[in-house]
Amino acid sequence: MIEISIQKQLQSSEGEMLLDLQVRAERKSLVTLYGKSGAGKTSILRMLAGLMTPDKGRIMVNGSAWFDSERGIDQPPQKRKIGFVFQDYALFPNMTVKDNLIFAGGGDSENIVKDLIELTELKALENRKPGTLSGGQQQRVALARALVQRPEILMLDEPLSALDREMRLKLQHYILDLHREFELTTILVSHDISEILKMSDRIIELDHGKVVREGTPGEVFTSREISGKFQFTGEVIEIKKQDFLYIISILIGKDLVKVIADEKEGSGLQPGDKVLVASKAFNPVIRKIE
Amino acid sequence: MINWDPLLLTFKLAFITTVILLVISMPLAYWLSFSKTRVKPVIETLVSMPLVLPPTVLGFYLLVAFSPSNAFGSWLDRWLGLQLVFSFEGLVFASLIYSLPFMVHPIQSGFSSLSKSLIEAAYVLGKSKTATLFRVLLPNIKPSLLTGVVLAFAHTIGEFGVVLMIGGSMPGKTRVASIAIYDEVESLNYDTANTYSLILFAVTFTILLLVYLVNGGFIKQFWK
């Protein structure tokens with residue numbers, strides 16, 4: 001369990017901003033920090049990692065204090081058991097992929113390094129230098145390196161924002177797998193809604209240094225106008241016009257669904273839009289599959 | 001046959017100066033790159049002064065300061081047994097100050113060009129400041145280190161004003177090549193002056209050429 005209750009004066013692009021919030025994350029859950037850029041998402045990660053010092057407050061992790069302004073406790077980043085994936089990956093350019101992991105692990109890390117290289121499918125690249133890898137490959141190395149020391153908390157600062165769609169989907173899958181395999185408490189900074197919907201257990205939405213909404217992805221992103229019993233959120237992939245109807249392909253989770261829409265609905269949509277797919281007038285069919 | 005002493009002395013001076021400067025400059029440049037204290041501009045200015053100050057001015061003040069008839073000079077002599085005026089030690093000391101910016105600046109800009117997240121990544125992975133410096137930062141600024149070493153070395157070979165002021169021209173002790181050339185010209189021995197000059201020209205050209213080849217990646221191409 002992570003409990004953060006901090007205040008920090010920040011210099012943002014729009015002048016001074018007071019970051020003042022209380023945030024909790026359950027053990028083994030995946031929590032996403034969501035919000036506009038400059039809302040304070042990255043600063044929270046940095047303070048949790050010990051790379052930035054809050055002005056006031058407390059950071060408690062599994063009962064022990066990492067930071068407590070009243071008791072004068074401020075653990076250095078070296079002492080906090082965390083994995084951190086930086087936005088620019090921060091791989092050490094002078095070391096090969098494997099050496100990056102071994103350097104991270106120190107002494108007897110041979111086994112875990114081998115496991116992680118296998119899990120992230122980096123075997124073929126292990127002797128290459130980071131500079132010669134693609135963005136997605138570097139991302140996988142950064143992810144593997146963050147886990148070599150078997151941290152309990154993994155922090156990801158917009159890890160997938162620089163990647164194309166296909167690579168993003170693949171890496172979301174890696175992150176989820178590792179999150180479960182290593183029983184991590186994962187904190188993700190993201191502003192890609194379909195990514196958040198797919199990955200997070202809980203969302204914390206920030207604006208100007210304050211928490212504005214908090215809850216499960218469904219609670220935060222779904223508008224309540226429709227009282228349908230079945231509703232999913234997805235992303236529009238393709239819109240095809242056929243006679244007077246529109247056929248809209250929507251990605252919901254990992255499934256591609258085709259929905260028919262009339263002119264009024266269809267013409268207002270574009271590929272990439274996030275949409276809510278709900279059914280309320282029809283009764284769904286239930287059939288046993290096993 | 002020419003007298004090799006001035007050339008040997010020059011290279012000995014340049015070598016010692018470069019080694020000491022490398023050791024001093026790594027922490028100094030690290031501090032200048034990452035510190036945020038208010039005295040930093042002052043220190044930066046002091047480090048850069050030899051770039052703009054006429055070498056004779058620097059040499060003159062060093063001469064005055066180290067003179068045994070002055071408080072500081074006699075203190076050095078009494079407590080450390082150091083006589084920095086008209087001695088090889090004095091030349092080394094003056095060269096250290098004179099060539100300092102040529103070593104510090106390349107290393108400092110090397111540090112500054114590294115992404116800050118490299119340091120943070122190492123800290124988060126539990127690495128100490130020292131381990132981060134030696135395993136992550138320095139290996140990634142090798143071209144800057146090489147540039148610093150070569151510039152400091154070449155610059156020490158070429159110094160004249162400072163050396164003349166504080167060292168004079170004592171054969172085998174403080175008579176370095178640049179001063180020997182001047183002396184030979186004064187005595188109209190153009191041939192000897194020409195020999196010294198040619199050797200200095202060839203050596204410095206070769207050193208610089210090597211740096212450009214190494215930093216430009218040309219050498220690596222042939223090794224592979």
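What percentage of the 224 residues in chain B is buried? Select chain B and you have the answer in front of you: 34%. A residue counts as buried if 20 or more other C-beta atoms lie within 10 Å of its own, as exposed if 12 or fewer do, and as partly exposed in between, with C-beta atoms placed from the backbone.

Before we move on, a word on what you're looking at. This is a predicted model, where local features need pLDDT of at least 70, side-chain atom pairs count only at pLDDT 80 or more, and totals for chains, interfaces and linings use all residues. Residues are numbered from 1 along each chain as its sequence is written, while chains are lettered from A and ligands numbered from 1 in the order in which they are written.

**Stop 1: chain B**

Stay on chain B and show it as a cartoon. You'll find 12 helices and zero strands (helices are DSSP runs of H or I with at least four residues, strands are runs of E with at least two, and both are numbered from the N terminus). Along its principal axes, the C-alpha trace spans about 65 × 50 × 30 Å.

Now colour by pLDDT, the predictor's confidence in each residue from 0 to 100. Chain B has a mean of 89, and 97% of its residues reach 70 or more. Pick out helix H1 (residues 5-34) of chain B, which has the highest mean among the elements of this chain, 94, and then helix H12 (residues 218-223) of chain B, which has the lowest, 65. Where pLDDT is low, the predicted coordinates should not be read in detail.

**Stop 2: where the chains meet**

Show both chains. Here 15 residues of chain B are in contact with 15 residues of chain A; contact means that the C-beta atoms, placed from the backbone, lie within 7 Å. On the chain B side, helix H6 (116-124) and helix H7 (129-137) are the elements that give two or more residues, and H6(B) gives the most, with six.

**Stop 3: a sheet in chain A**

Over to chain A. Five strands form an open, antiparallel sheet in the order E2-E1-E4-E5-E6 (two strands pair if DSSP finds at least two bridges between them). Strand E2 (15-25) and strand E6 (73-74) of chain A each have a single partner strand, so one side of each is left without a neighbour in the sheet. Next, select strand E1 (residues 2-12) and strand E4 (residues 56-61) of chain A, which pair over six bridges. Zoom in on Ile6(A), and you'll see Gly57(A) of E4(A) standing opposite.

**Stop 4: helix H3 of chain A**

Which residues of helix H3 (residues 110-119) of chain A are buried? Select Val113(A), Leu116(A) and Ile117(A). Look down the axis of H3(A): the buried residues fall within an arc of 100°, so they line one face of the helix. That arc is taken from the directions from the helix axis to the C-beta atoms. Turn to the face away from the buried side and you'll meet the exposed residues Asn111(A) and Glu118(A). Helix H2 (97-105) and helix H4 (135-147) of chain A are included in what covers the buried residues. Just after H3(A), Glu121(A) takes a positive phi of about 50°.

**Stop 5: Ile250(A)**

Last one: find Ile250(A) in strand E13 (residues 245-252) of chain A. Ile250(A) is buried, with 23 other C-beta atoms within 10 Å. Leaving aside residues up to four places away in sequence, Ile250(A) touches residues including Gly234(A), Val236(A), Val259(A) and Val277(A). For a long view, draw a distance to Glu110(A), 140 residues apart from Ile250(A) along the chain: their C-alpha atoms are separated by 44 Å.

Key. Two residues are in contact if their C-beta atoms, placed from the backbone, lie within 7 Å.
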